[in-house]
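Colleague: I am new to this structure and would like to know how its descriptions come about. Could you walk me through them?

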Amino acid sequence: MSDQQENPLGPPPWLNAPPVDPYPYEETHDLRQGADLNPALLGLLPFVGLWRGRGQGGFPAEKDYDFAQEVRISHDGRPFLRYESRSWLLDDESKPAGEWIVESGFWRPVLDAEGRATDDMEAVIVTPEGTVEIYVGNTVGTTRLEIDTDAVAYTPTGQHLTGARRLFGIVEGALLYAHEVSVDKSELQPHMSARLLRVGG
């Protein structure tokens with residue numbers, strides 16, 4: 001086929017289109033700026049913010065370890081929250097000892113037929129270790145979230161995660177969580193837990 005042969009569909013409409021401006025929709029973890037919080041997220045309002053603190057990790061590591069963590073929970077006006085977490089190891093003097101687990105995902109309430117939020121929750125969380133975790137669960141009031149994996153997938157070289165449970169709670173203004181995982185055929189075991197203080201939002 002000749003390189004000179006014309007495309008019967010013609011050139012795509014974007015081929016010579018002018019450049020576009022930067023992304024116009026603001027995402028924020030600060031409820032005082034940006035888009036209004038979607039009404040479906042009012043039950044999750046206390047979680048929105050930038051959080052930082054420390055915790056302890058364990059399984060599947062061979063021994064327990066201390067870590068620091070920063071979690072950003074933000075929104076852009078649509079009926080879901082964006083969840084971003086990055087952590088780093090701490091040495092015996094609480095100094096940084098290396099980068100650790102990074103996660104990104106979304107939390108969203110299940111809506112009823114009228115578009116109102118129920119207590120049921122869905123979440124998706126991915127990691128650079130080659131895992132994708134799909135969660136279902138529910139909120140308890142406005143300060144507690146409990147989710148368990150409904151499905152887990154991992155890449156051929158990814159960590160063999162087979163299940164997980166996450167509990168989040170707002171306690172005396174701090175974000176506390178506990179995260180359990182199972183790997184291969186193990187039962188759920190404590191993986192990470194932390195207490196994070198609000199530093200933004």
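Modeller: Gladly! In this predicted model, strands S7 and S8 form a hairpin with six residues between them.

Colleague: What makes S7 and S8 strands?

Modeller: Strands are DSSP runs of E with at least two residues, numbered from the N terminus. S7 covers residues 144-154 and S8 covers 161-171, so both fit that rule.

Colleague: How do you know that S7 and S8 pair?

Modeller: Two strands pair if DSSP finds at least two bridges between them. Five bridges join S7 to S8, so the condition is met. The two strands run antiparallel, and Ile 147 has Arg 166 in S8 as its bridge partner.

Colleague: Which strand pairs with S7 over 10 bridges?

Modeller: That is S6 (131-140), and S6 and S7 pair in the antiparallel sense. Thr 131 has Tyr 154 in S7 as its bridge partner. The hairpin of S6 and S7 has three residues between the strands, and Gly 141 there takes a positive phi near 65°.

Colleague: Which residues does the model count, and how are they numbered?

Modeller: Residues are numbered from 1 along each chain as its sequence is written. As this is a predicted model, local features need pLDDT of at least 70 and side-chain atom pairs count only at pLDDT 80 or more, while totals for chains, interfaces and linings use all residues; side-chain values use heavy atoms, leaving out hydrogens and water.

Colleague: Why is a space called a cavity and not a pocket?

Modeller: On a 1 Å grid over the protein atoms alone, a cavity is a set of points where a 1.4 Å probe fits but cannot get out, whereas a pocket is an open set with protein on both sides within 12 Å along at least five of seven lines. Lining residues have an atom within 4 Å of a point. One cavity of 30 Å³ or more is counted, and the largest cavity has a volume of about 60 Å³, meaning the space filled by probe spheres set on points joined across faces, edges and corners.

Colleague: Which strand gives the largest share of that cavity's lining?

Modeller: S3 does, with three residues. The lining includes Tyr 83, Ser 85, Arg 166 and His 179.

Colleague: And what is known of the largest pocket?

Modeller: The largest pocket has a volume of about 260 Å³. Its lining has 18 residues, with Pro 60, Ile 101, Glu 129, Gln 159 and His 191 nearest its centre.

Conventions:
Helix = DSSP H or I, 4+ residues; strand = E, 2+ residues; numbered from the N terminus.
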